[in-house]
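Colleague: I should like to request a close look at a single part of this model. Please take the reader through that part step by step.

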Amino acid sequence: DVEFKDNKSNEQERLLGKTSSLQLLLEPLTKPTFVSVNGQQEVPVEKGAFSVSRSNEPLRSSLRFFLDFPEGAERNDVKLPAERVF
């Protein structure tokens with residue numbers, strides 16, 4: 001679960017759009033979990049940001065966001081890198 005806040009993010013991430021675009025805070029509400037052979041595993045996740053940009057087409061917008069996973073996670077053949085994930 002995440003909450004889309006209306007507070008401005010302290011970071012400016014160029015992959016969220018133009019540096020002049022408003023980037024708002026995205027805050028995780030719970031720690032993600034998964035079950036592996038070692039039982040239930042928690043995945044640390046840090047705050048991120050999001051932006052919404054309007055398209056030239058009517059009623060169309062783009063939502064871009066990221067969260068940071070400082071330790072990553074791995075289960076079977078799926079790996080979440082220890083980095084920013086968009």
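Leaving aside its neighbours within four places in sequence, with which residues is L26 in contact?

Modeller: The model is a predicted one. Apart from its neighbours within four places in sequence, L26 is in contact with V2, E3, F4, K47, G48, A49, F50, F65, F66 and L67.

Let us begin with the strand pairing around L26. Strand β2, which covers residues 24–28, is joined to β5 by 3 bridges, and the two run antiparallel. In this pairing, the residue of β5 that stands opposite L26 is G48; G48 is also among the contacts of L26. Strands of a sheet pair through backbone hydrogen bonds, in either the parallel or the antiparallel sense.

The wider setting is an open sheet of 5 strands, in the order β1-β2-β5-β6-β9, with antiparallel pairing. Its edge strands are β1 (2–8) and β9 (84–85), each of which pairs on one side only.

The side chains of this region may be considered next. L26 belongs to the largest nonpolar core, which has 8 residues in all: L24, L26, V43, V45, F50, L67, F69 and A73. Two of these core members, F50 and L67, also appear in the list of contacts of L26. In a regular strand, side chains alternate between the two faces of the sheet.

Strand β5, the partner of β2, merits attention at two further positions. S51 lies in this strand, which spans residues 46–54. S51 counts as buried because its relative accessible area is 2%, and the limit for buried is under 20%. A polar atom of the S51 side chain lies 2.6 Å from the backbone oxygen of L16. Beyond its neighbours within four places in sequence, S51 is in contact with L16, L22, Q23, S62, L63 and R64.

E46 is also found in β5. E46 is described as partly exposed because its relative accessible area is 43%, a value in between the 20% and 50% limits. With neighbours within four places in sequence left aside, the contacts of E46 are P28, L67, D68 and P70. One of these, L67, is likewise a contact of L26. E46 and F66 are 20 residues apart in sequence, and their C-alpha atoms are 9.8 Å apart in space.

To return to the starting point, L26 stands opposite G48 in β5 and is a member of the largest nonpolar core.

Technical notes: Residues numbered from 1 in each chain as written. Predicted model: local features only at pLDDT ≥ 70, side-chain atom pairs only at ≥ 80, totals over all residues. Heavy atoms only, no water. Core = buried A, V, L, I, M, F, W, Y, C linked by side-chain atoms within 4.5 Å. Buried < 20%, exposed > 50% of the residue type's maximum accessible area, 1.4 Å probe, protein only. Contact = heavy atoms within 4.5 Å. Helix = DSSP H or I, 4+ residues; strand = E, 2+ residues; numbered from the N terminus. Polar contact = N/O pair within 3.5 Å; in protein donor to acceptor, adjacent residues only side chain to side chain. Pairing = 2+ DSSP bridges.
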